[in-house]
Amino acid sequence: MLTEAQVQAHADGIRDDGYAVIEGAASPGLVEGLIAALQRTEREHHLGPAKTSFEGFKTVRINNLLTYDDLFWEVPLHQNVLPVVERVLDKECLLSSFCSLVLGPGQEAQPIHEDTQLIPLPRPHIPITINAIWALSDFREDNGATRIIPGSHKYASSPEYGRDYDAVIATMPAGSVMLFDSALWHGGGANHSDERRFAFSCAYCWGWMRQQENLQLGIPLETAKRFPRRLQELCGYSVYKGQFGHIDNHDPIELLGRERGKRMVWEATDVRKARTAETTKS
Ligand SMILES: O=C(O)CCC(=O)C(=O)O
């Protein structure tokens, strides 16, 4: 578990440089279990490489990952990562997308891009999505470690698609997690090795934004009912500030059998008023 000072230092790194690396975030046992779960999922569901050049013709990406193996639930909730995301966004943030990024030998480098560049906000802007790249293999230059352009989250424009840029190679040992502001220019590297590079992308966004993956429709209700409450909230069974995301004044978490969700802001205001009137009377 990170100390308060470590959480703040990583949050400052994301604000100032656009990224922060948490070495040793995941234990070797968890890393091993996650790789085994990915291999099992690929095998049992006959999943193969992606079908677009951006995603990578030699890269296996499993989307909607929480539906495949309960061990994956630990990733978005991880206590060495989530507190940093909550510090940069807030505690009502959402999981935006969660997929595997397994680069096979021969995978070419991905074009430099930003994860939220299609959102029409003038740059630079506040962080709107924080992506966590989990290194399950050692990230090396020869096996396709992610390339980043430090400080680019503050640039006034987005990268030109397909252009080459001078980038820093984010080498890190397996078990590390690199968190970055989605406005940071970055891209996967080329895998020139003869091994697969195992990784996850686990991205979080504000509770007032649309998530990249539609997790409420994509995850069967019976699966979501088994999640820990915090994971249910992260997947969108929550109401931002008691206003955004309600269903007829109810918190959608009640759809999962939870008894009482959050009060809506308008109801909470009346409760507060009644309490004040009560105190004044007595
Ligand atoms: O595979 C990587 O290292 C990064 C992938 C990435 O940035 C993306 O797919 O958007």
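**Ligand site and cysteines**

The largest pocket of the structure is the space taken by the ligand. The model described here is a predicted one, and the distances and areas reported below were computed from it.

The residues around the ligand are Arg-61, Leu-101, Leu-103, Gln-110, His-113, Asp-115, Thr-146, His-186, Gly-188 and Arg-197. When these residues are sorted by class, the shell around the ligand is found to have five polar, three charged and two nonpolar residues. Several members of this shell place polar side-chain atoms beside oxygen atoms of the ligand. In the side chain of Arg-197, an N or O atom is 2.8 Å from an oxygen atom of the ligand, while a polar side-chain atom of Gln-110 lies 3.0 Å from a ligand oxygen. For Asp-115, the distance between an N or O atom of the side chain and an oxygen atom of the ligand is 3.4 Å. Taken alone, the ligand exposes 300 Å², and 93% of that area is buried by the protein.

The cysteines were also examined for disulfides. A disulfide is a covalent bond that joins the sulfur atoms of two cysteines. The structure holds zero disulfides, and the positions of Cys-93 and Cys-205 can be considered in this light. The cysteine sulfur closest to that of Cys-93 belongs to Cys-205 and is 8.0 Å away, which is too far for a bond, because a disulfide requires the two sulfur atoms to be within 2.5 Å. Seen from the other side, the sulfur of Cys-205 has that of Cys-93 as its closest cysteine sulfur, again at 8.0 Å. Cys-93 is buried, with a relative accessible area of 1%, and Cys-205 is likewise buried, with a relative accessible area of 0%.

Notes. Residues numbered from 1 in each chain as written. Predicted model: local features only at pLDDT ≥ 70, side-chain atom pairs only at ≥ 80, totals over all residues. Heavy atoms only, no water. Near = heavy atom within 4 Å. Polar contact = N/O pair within 3.5 Å; in protein donor to acceptor, adjacent residues only side chain to side chain. Areas by Shrake-Rupley, 256 points an atom, 1.4 Å probe, with all protein chains shown as cover. 1 Å grid on protein atoms, 1.4 Å probe; cavity = no way out; pocket = protein on both sides within 12 Å on 5 of 7 lines; lining within 4 Å. Sits in = over half its atoms within 2 Å of the grid points. Nonpolar A, V, L, I, M, F, W, Y, C, P; charged D, E, K, R; others polar. Buried < 20%, exposed > 50% of the residue type's maximum accessible area, 1.4 Å probe, protein only.
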